[in-house]
Every structure is written in structure tokens, then in C-alpha cells.
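Student: I should like to learn how to read a structure of this kind, feature by feature. Could we begin with a pair of residues facing each other and work outwards from there?

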Amino acid sequence: MSTLYICATPIGNLDDISKRLIETLETVDVIYAEDTRRGKKLLSHLDIKKPISSYFIGNETSKVNEILNEINQGKSIALISDAGTPLTVSYTHLRAHETREDLVIRLLLEKKNAGGGGGGGRGGG
């Protein structure tokens, strides 16, 4: 079963990472990162070799189909922050009744519609 994990990474000291996050990064199939340079540094520090792709304010709309294809193929995905929270997408917007496709599309597009600002994006049904 595919899963989309929204993951905050350590600010500053890479050794501040949680065991749970390490386990998540080790088990997912694909990792999307707000900053692939920092993401690769973190993965290297943890000796984790996984495909990593960019996901940031500016390319989020073009990544919708790519992420949906990965999910529909049954892959698990981690979306990791540059450092700390919030991410490009706020995990507080997760809704239990949404399908995977609806969730991914809404999360990815909501930030774009809100102008990509950091205000938490409270809007949207």
C-alpha cells in the first residue's frame, strides 16, 4: 500500500533526527525534497541510498502527475523539509475522508493558489 509521509528534518545538527524518521526514509521508495542538496546531504549522513527529486514552491504544480503516478504504482513517498517545519505543504491540512489522489492534488495545488506564502494556508474547503 502506498503512503505519502510528510517529514520535517532536523534544523542544524543532523544527529537530531528521530529514529522514526530514519526508519521512514529507509523504507520509502522515493523521496521528494524542498532542497535536494540538503536532502542528499541528510541521506548521505544516514547512508541511505534512495531516489530523490525536487519539490518546492515553484515546481509543485508540475509535480502533481509525477507524484500521483508514484502513488498509483503502489510506491511510498517521503516529502522532506529543507529544515524543520513548515514544509511547502502543511500536514495540518490532511483530511481523513480524502482519497489519496484528492489529498495529493489538494496539498500540492493549495499552496500555489495561496501564493506560496508561509501563512499556514487555512483556506480551501
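Tutor: Let us start with one such pair: Leu4 stands opposite Ile77 in E4. Please keep in mind throughout that this is a predicted model.

Student: To which strand pairing does that contact point belong, and how many bridges join E1 to E4?

Tutor: Strands E1 and E4 run parallel, and four bridges join them. Ile77 is also found on the other pairing of E4, where Val30 stands opposite Ile77. The strands concerned there are E2 (residues 30-33) and E4 (residues 77-80), which pair in the parallel sense over four bridges. Within that pairing, Ile31 stands opposite Ala78 in E4.

Student: In what order do the four strands form the sheet?

Tutor: The order is E1-E4-E2-E3, in an open sheet with parallel pairing. Strand E1 (4-7) and strand E3 (52-54) each have a single partner strand, so they stand at the edges and one side of each is left without a neighbour in the sheet. On average, neighbouring strands of this sheet are turned by 25 degrees against each other, direction ignored.

Student: How does the order in the sheet relate to the order along the chain; what pattern does the protein follow along the sequence?

Tutor: The protein has four helices and four strands, and along the sequence they follow the pattern β-α-β-α-β-α-β-α. For the connection, take E2 and E3, which pair in the parallel sense over three bridges. The bridge partner of Ala33 in E3 is Ser54. From E2 the chain crosses through H2 to E3, and this β-α-β crossover is right-handed.

Student: Which strands does helix H2 lie across, and what is its angle to E3?

Tutor: Helix H2 (residues 36-45) lies across E2, E3 and E4 and runs at about 160 degrees to E3. Helix H3 (residues 64-72) likewise lies across E2, E3 and E4, and its angle to E2 is about 155 degrees.

Student: When reading a strand, one asks about both of its faces. Are the residues on the two sides of E2 buried or exposed?

Tutor: Both faces of E2 are covered: Val30 and Tyr32 on one side, and Ile31 and Ala33 on the other, are all buried. Strand E4 can be read in the same manner: Ile77 and Leu79 point one way, Ala78 and Ile80 point the other way, and all are buried.

Student: For a helix, one looks for a buried side instead. Which residues of H2 are buried?

Tutor: They are Gly39, Leu42 and Leu43. Seen down the axis of H2, these buried residues fall within an arc of 95 degrees, so they line one face of the helix. Arg37, Lys41 and Ser44 are exposed on the other side of H2. The buried residues pack against H1, E2, E3 and E4.

Student: Which residues of helix H1 are buried, and against what do they pack?

Tutor: In helix H1 (residues 19-27) the buried residues are Leu21, Thr24 and Leu25. They cover an arc of only 95 degrees around the axis, which puts them on the same side of H1. Their packing partners are E1, E2, H2 and E4. The face turned away from this buried side carries the exposed residues Lys19, Arg20 and Thr27.

Student: Let us turn to the backbone. Where does Asp47 lie, and what is its phi?

Tutor: The general idea is that most residues other than glycine have a negative phi. Asp47 lies in the loop between H2 and E3. Its phi is near 55 degrees, a positive value in a residue other than glycine. The relative accessible area of Asp47 is 56%; the cut-off for exposed is over 50%, so Asp47 counts as exposed.

Student: Finally, what do the totals say about the protein: what share of the 125 residues is buried, and what share of the contacts joins residues 24 or more positions apart?

Tutor: Buried residues make up 42% of the 125 residues. Of the contacts with a separation of 6 or more, 61% are between residues 24 or more positions apart. The accessible surface comes to about 7,100 Å², and carbon and sulfur atoms account for 49% of that surface.

Note on methods
Residues are numbered from 1 along each chain as its sequence is written. This is a predicted model: local features need pLDDT of at least 70, side-chain atom pairs count only at pLDDT 80 or more; totals for chains, interfaces and linings use all residues. Side-chain values use heavy atoms; hydrogens and water are left out. Buried means under 20% relative accessible area, exposed over 50%, partly exposed in between (1.4 Å probe, protein chains only). Contact means heavy atoms within 4.5 Å. Accessible areas come from the Shrake-Rupley method with a 1.4 Å probe; for residues, only the protein chains shown count as cover. Two strands pair if DSSP finds at least two bridges between them. Axes are lines fitted to C-alpha atoms, for helices over the stretch in contact, and angles run from 0 to 180 degrees between N-to-C directions. A crossover is right-handed if, with the strands pointing away from the viewer, the path from the first strand over the helix to the second runs clockwise. The arc is that of the directions from the helix axis to the C-beta atoms.
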